[in-house]
Amino acid sequence: MLDSLSPDTARVLIGGAWRDTAETLPVLNPSTGEEIGRIARGTAQDIDDAVTAAQAAMDGDWGRMPAFERGRILTRIGRLVAEQVEALAEMEATDVGKPLKQARADAVALARYCEFYGGAADKVHGTTIPYLDGYTVYTLREPHGVTGHIIPWNYPMQIIGRSVGAALAMGNACVLKPAEDACLTALAFARLAQEAGLPAGALNVVPGLGSEAGAALSAHPGIRHISFTGSVATGGAVQKAAGGNVIPVTLELGGKGPQLVFEDADLDAALPFLVNAGLQNAGQTCSASSRILVQRPIWDELVRRMSDAYAAKRVGPAMEDHDLGPLISAVQKRRVEGFLDKGADLPVLARGAFVEGLPEGGNYVLPTLYGPVAQDHALAQQEIFGPVQVVIPFDTEEEAVAIANGTEFGLTSGIWTRDGARQMRLARAIRSGQVYINNYGAGGGVELPFGGIGKSGHGREKGFEALYGFSVLKTVAAYHG
Ligand code: NAP
Ligand code: MG
């Protein structure tokens, strides 16, 4: 059923039916550059049909379904995903180029999101509010209606889980536009959702180009909320389009995550986080830690240990499960190489290595560690979205905070120190949606609210918080005398 070359992959799912489109797009394997299948090229008309089908689901069985039944369906989807972790992981590794162990972690996370939001569906409720004599006042949490979901190629399964999972839990009907470069697991997820009994139209999937299907979805007057994860430029365009319809938007736009390493830090504990948070998924991670801020007394030791770790990193085909796979596309490879060109004036501390016999058509880039790097250098300011980290020295806590807060982003940050008072001070001082103390990433944390400040975006997904974002609060004031 989860054969990535199944005919369903070249179709859109609208109102429970898999439909052909006039045109299709190639599915490329980033490890080899080979075409491994086709996906549908959904049009503005397909988006329009999908929104109509989603609205019909809202007006029909799905809209009337009790919260606990929605939760049961989500939980069943989670179980089916969990049973298919290996198949989904292989599909994702082949389509997106991520090493198998990362793809497996993504599939496990998707199952967890479905379980979490399945369990939460009937636990979100309103309140009663003491008011004037003769009144009873209460609030209701209601779905927005039809919600749009535009997701990127870097973590398709995790982002479907956190966005579509939470929206379905609250009773919305979803139109999902996956990224052109990474549609297969989105389509597989939709098939599993059908198998789990999700009513027709509650989830519609329209693969296609961002400029066609994506733009049509974000401007569609029939959607009541849009959730977008991707670049700052496209996120801004989506927000503008949504503004035309005056609907709420959740934007998750990436970051320039710092880790602040103080001289009293446990370096043995920190080291794997410092390096892997930059190189996980070949650096194509919104919450990547691409800046390592190091207090000067430990500079030499830390830089030596990070350099040794870099030198041991191997880059190769995703299905061989090396430390790093290829980047998603030739376009992304060129983009990252453009940053490496901008770094030509910087000292290179270390690089990883390619495995023997790399396929020629793959989008491989060597991981590179630069340092010391000035705070205002392009590589210390811009999101690279590749396997590149910069190391920046600092002397004082105040200086470290100024550097940490000195970009236009604010998504995730890490603090490494044994000083409890400093941990508390910095957790408040750092402008960031999530702050990690003596860890980075907190293992992904399905339960933990996630989102940005500044150009990293706004709104929160993940955890219980997402359920508030995917619902509308209504206040009912009854006068009964
Ligand atoms: P992108 O353009 O922002 O793509 C993200 C999603 O938006 C994809 O589904 C894309 O569809 C869609 N899209 C594109 N143009 C659209 C439009 N005009 N209206 C509505 N939707 C549209 O990102 P990208 O070009 O793939 O990557 C560029 C850079 O963005 C990366 O180098 C990285 O810096 C950043 N990025 C960040 C994240 C993150 O997690 N925060 C994820 C991905 C990329 P198609 O892909 O089908 O065109
Ligand atoms: Mg692909």
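# Two domains, their pockets and their cavities

Hi everyone, thanks for coming. Let me start with the overall layout: the domain assignment splits this protein chain into domain 1, residues 7-253 + 457-476, and domain 2, residues 258-445. Please keep in mind that we are looking at a predicted model.

How far apart are the C-alpha centres of domain 1 and domain 2? They are separated by 30 Å. On the contact side, 24 residues of domain 1 meet 30 residues of domain 2. Together the two domains bury about 2,100 Å², and carbon and sulfur atoms account for 54% of that. Three residues deserve a mention here: Pro30, Ser31 and Trp153 supply 25% of the area that domain 1 buries against domain 2, more than any other three residues.

Hold on to Trp153, and let's move to the pockets. The largest pocket contains about 940 Å³ of space. It is lined by 42 residues, and the ones closest to its centre are Trp153, Phe228, Gly230, Ser231 and Thr234. So which elements give two or more residues to that lining? They are H8, S10, H9 and helix H12, which covers 330-342. By class, the lining of the largest pocket has 20 nonpolar, 15 polar and 7 charged residues. Domain 1 and domain 2 each contribute at least three residues to this lining.

Now for the second largest pocket, with a volume of about 670 Å³. Here 30 residues form the lining, and Gln158, Gln280, Gly441, Gly443 and Gly444 are the closest to the centre. The elements giving two or more residues are helix H5 (100-120), helix H6 (156-169), helix H10 (267-279) and strand S20 (434-437). Of these, H5 gives the most, with 5 residues. The lining of the second largest pocket divides into 15 nonpolar, 11 polar and 4 charged residues. Again, each of domain 1 and domain 2 provides at least three residues of the lining.

Let me go back to H8 for a moment, since we met it at the largest pocket. Which residues of helix H8, residues 210-219, are buried? Those are Ala213, Gly214, Ala216, Leu217 and Ser218. The cover over these buried residues includes helix H1 (44-59), strand S7 (146-150), strand S8 (173-177), strand S10 (225-229) and helix H9 (232-245). You will recognise S10 and H9 from the lining of the largest pocket.

Next, the enclosed spaces. Rolling a probe the size of a water molecule over the atoms shows where empty space is left. How many cavities of 30 Å³ or more does the structure hold? There are 4 of them. The largest cavity has a volume of about 80 Å³. Its lining is made of 13 residues, with Gly283, Ala288, Ser290, Phe385 and Gly386 nearest the centre. Sorted by class, the lining of the largest cavity has 4 nonpolar, 7 polar and 2 charged residues.

The second largest cavity holds about 50 Å³. It has 14 lining residues, and closest to its centre are Pro258, Arg291, Phe409, Gly410 and Ser413. Strand S12 (257-261) and strand S19 (412-416) each supply at least two residues of that lining. For the second largest cavity, the classes come out as 5 nonpolar, 6 polar and 3 charged.

I'll finish with two loop residues. The first topic is Asn281, which sits in the loop between H10 and strand S13 (289-295). Buried or exposed, where does Asn281 fall? Its relative accessible area is 7%, and the cut-off for buried is under 20%, so Asn281 counts as buried. Leaving out residues up to four places away in sequence, Asn281 touches Lys98, Gln102, Asn154 and Tyr155.

The other one is Ser329, found in the loop between strand S14 (314-315) and H12. Ser329 has a relative accessible area of 14%, and therefore it is buried too. With residues up to four places away in sequence set aside, Ser329 touches Asp181 and Asn363. What separates the C-alpha atoms of Ser329 and Tyr364, which are 35 residues apart along the chain? The distance is 9.3 Å.

That's my tour, and I'm happy to rotate the structure for anyone who wants another look. Thanks!

Methods. Residues are numbered from 1 along each chain as its sequence is written. Chains are lettered from A and ligands numbered from 1 in the order in which they are written. This is a predicted model: local features need pLDDT of at least 70, side-chain atom pairs count only at pLDDT 80 or more; totals for chains, interfaces and linings use all residues. Side-chain values use heavy atoms; hydrogens and water are left out. Buried means under 20% relative accessible area, exposed over 50%, partly exposed in between (1.4 Å probe, protein chains only). Helices (H or I, at least four residues) and strands (E, at least two) are DSSP runs, numbered from the N terminus. Contact means heavy atoms within 4.5 Å. On a 1 Å grid over the protein atoms alone, a cavity is a set of points where a 1.4 Å probe fits but cannot get out, and a pocket is an open set with protein on both sides within 12 Å along at least five of seven lines; lining residues have an atom within 4 Å of a point. Grid points are joined across faces, edges and corners, and a volume is the space filled by probe spheres set on the points. Ala, Val, Leu, Ile, Met, Phe, Trp, Tyr, Cys and Pro count as nonpolar, Asp, Glu, Lys and Arg as charged, and the others, Gly among them, as polar. Domain bounds come from an automatic or database domain assignment. Buried area is the accessible area (1.4 Å probe) that two parts lose on being put together, summed over both.
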